[in-house]
Amino acid sequence: MASKLGEMLVKAQLINDVQLEEALKIQRREGGKLGSIVVRQGFCSDQDIVSFLGMQYGVPAADLEQWPPIDPAVTALVPSDLAHRHKVLPLQRSGNVLTLAMSDPTDIFAMDDVRFHTGYNIDPVVSSETGLVRAIEKYYGGSSALRLRDDAGRVSPGAAGSADAPAKASFDANAFGQGAEEVINLKDLEDELENTETQYDTFDEEENITAEALAKKGEEAPVVRLVNMVLIDAIRKGASDIHIEPYEKSYRIRFRIDGLLMEVMRPSLKLKDPVTSRVKILAKLNIAEKRLPQDGRIKLRVNLGGQQKVIDYRVSVLPTLFGEKIVLRLLDSDKLMLDLTKLGFEPESLVAWDRQISKPYGMVLVTGPTGSGKTNTLYSSIAKLNQPDVNIMTAEDPVEFNFAGINQVQMKEQIGLNFAAALRSFLRQDPNIILVGEIRDFETAEIAIKASLTGHLVLSTLHTNDAPSTISRLMNMGVEPFLVATSVNIICAQRLVRRICAKCKEPDPHQPPTEALAKIGFTEEEIRRGVTVMKGRGCEVCNGKGYKGRVGLYEVLEMSETLRDMILTGASAMELREQGIKDGMITLRRSGLRKVLDGVTTIEEVVRETVL
């Protein structure tokens, strides 16, 4: 490519043959790009090279010396080390398109790296390498590395700063607000894998697989760096889950961000076994077992700009048709919201919730699907109740966060330590408050209800669609109606919806018509007063999505004497719901519509998660 460029420069009469030969000798001796060497030797000017490259590549040319000052919000989109490594500079953003100055606008791997990292489409413009280097130094300066450490304080192999990791594979932390970040080029990793001694062929299921062979795959430096990069990028993007999924002819990695899955990478299929082995090694799982599901945990101590941060990843490995799917849930204690007033409860619902969790006995239930924030609500409740004169016992599967002053027990089904067994033991531990991670069967439900009737406050979760149907669920498990009626104090059903980005929030120009608002569930009075629906325009803060973060929708059913009588007489979930609304219960849909009126979320989010 260098000689071709040289020949084109000669043909364009920008340099002569003697100058080309001299420049090529310098390039062979010192390395570097031919265009930069030609400019450095004074054979032609920077502007000549830029204009020539623009004509050759068919893209606009940008003279960075004459370019107006770049908005810091634009340069912040591309981390410093990524800009330094690829010699690229973001110039401006328009909608979801980022204009990127490059010395080589045909470098699709650089564009893919930037596209993966920012989420924007790339519009390349060409600039000289020397001009780019000066501009990058002007806007970015130096970079600082992000180091991954294990519990013993050792630097992870292949992480930034480790002796055996090439400089190009260092992790950096610009996206975290300090330092700079460099994302590993996936093509570089795959090329490097081709040159390693280990062959990354897919194992035959009938083949005798040794743990040593799998471990060797997982410990190769490129694989280590790829896995580290995925773990760190998930933190940077605020993901709650990482999905690593093998298919027959493809391999993809997705992040769940604000409740929705987003594809971030499609590595080569040859990386399937090495990546799986690496994750299993980190999670201390059996790397030779490929036929059974496994669960584990990864704990990383991350140094972000000098600040130590511990991140837990809950790991689930599931054998599928074409390999093992891995899901890692990120458990970041810094993001755990323990203030009940900030979770999204309506004021009336929060008053009822506080009143019932403050009682000395009874049952408090939180319901909703997986990932709806039930654990957060329970943790916030027991954090409020955690006092020196109170004995709190929890049975969890798994224990997600650790709390000082609370006795937490991890379930181990394989040795018989399940919720029912833990509950029996708790009752001999003089508890005041018991938290049961989930009521899954009649045995657990029966013991929990009996505990609530004998002077203990019991908090737990169930998987039901709304608060009233929880009563039916307990009775379907085999619990007698009179036990349900006398033990349950309050039930909270919840969902999570995305928040509108506060930075780019604006009134939606396409306000729904009155008929649509009424159909969705707004009252006549609300429509008469006027409903202003807000939306997010999309900005650098929310990565152009219009949403940033999530908020809870809560349906709180507080037991009244009327409801208890109805349970004893066998009332249906629908009848209980109607009575609950008469008693002042705010349904999930109404909770969502209130947040639409307050400009917190959108109608689309509420309709997606709730029903009338």
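**Exercise 1. Which residue in β2 does Q92 stand opposite, and how is the sheet around this pair arranged?**

Solution. The structure is a predicted model, and the residue that Q92 faces in β2 is T99. To place this pair, begin with the two strands themselves: β1 is joined to β2 (residues 97-102) by six bridges, and the two run antiparallel. Next, widen the view to the open sheet, in which three strands follow the order β1-β2-β3 with mixed pairing. The edges are formed by β1 (88-94) and β3 (121-126), each of which pairs on one side only, and from one strand to the next the twist averages 30°. Finally, add helix α8 (residues 129-139), which packs on the sheet by touching β1 and β2, its direction making about 70° with that of β1.

**Exercise 2. Identify the members of the largest nonpolar core that touch the most other members, and describe the contacts of V488.**

Solution. The largest nonpolar core has 44 residues, and those touching the most other members are M363, L365, I439, V488 and M559. Taking V488 next, and leaving aside residues up to four places away in sequence, its contacts are M363, L365, L474, M559 and R564. A second core, separate from this one, has 35 residues, including I253, A283, I298 and L330.

**Exercise 3. Compare the salt bridges R440 to D397, R498 to E605 and R529 to E525 by placement and exposure.**

Solution. The whole structure holds 33 salt bridges, of which these pairs can be taken in turn.

1. In the bridge between R440 and D397, the closest N and O atoms are 3.5 Å apart. R440 lies in the loop between β14 (433-436) and α16 (442-452), while D397 lies in the loop between β12 (392-396) and β13 (407-410), so the pair ties together parts 43 residues apart in sequence. R440 is partly exposed, because its relative accessibility is 37%, and D397 is also partly exposed, at 34%.

2. R498 and E605 meet at 3.0 Å, N to O. Because R498 belongs to strand β16 (residues 488-500) and E605 to helix α24 (residues 603-609), this bridge ties together parts that are 107 residues apart in sequence. With buried meaning under 20% relative accessible area, R498 is buried at 15%, and E605 is buried at 2%.

3. R529 and E525 have their closest N and O atoms 2.9 Å apart; both lie in helix α20 (residues 524-529), four residues apart, or about one turn of the helix. R529 is exposed at 59%, whereas E525 is partly exposed at 46%.

How values were computed: Residues are numbered from 1 along each chain as its sequence is written. This is a predicted model: local features need pLDDT of at least 70, side-chain atom pairs count only at pLDDT 80 or more; totals for chains, interfaces and linings use all residues. Side-chain values use heavy atoms; hydrogens and water are left out. Two strands pair if DSSP finds at least two bridges between them. Axes are lines fitted to C-alpha atoms, for helices over the stretch in contact, and angles run from 0 to 180 degrees between N-to-C directions. Contact means heavy atoms within 4.5 Å. A nonpolar core is a set of buried Ala, Val, Leu, Ile, Met, Phe, Trp, Tyr and Cys residues joined through side-chain atoms within 4.5 Å. Buried means under 20% relative accessible area, exposed over 50%, partly exposed in between (1.4 Å probe, protein chains only). A salt bridge is a side-chain nitrogen of Lys or Arg within 4 Å of a carboxyl oxygen of Asp or Glu.
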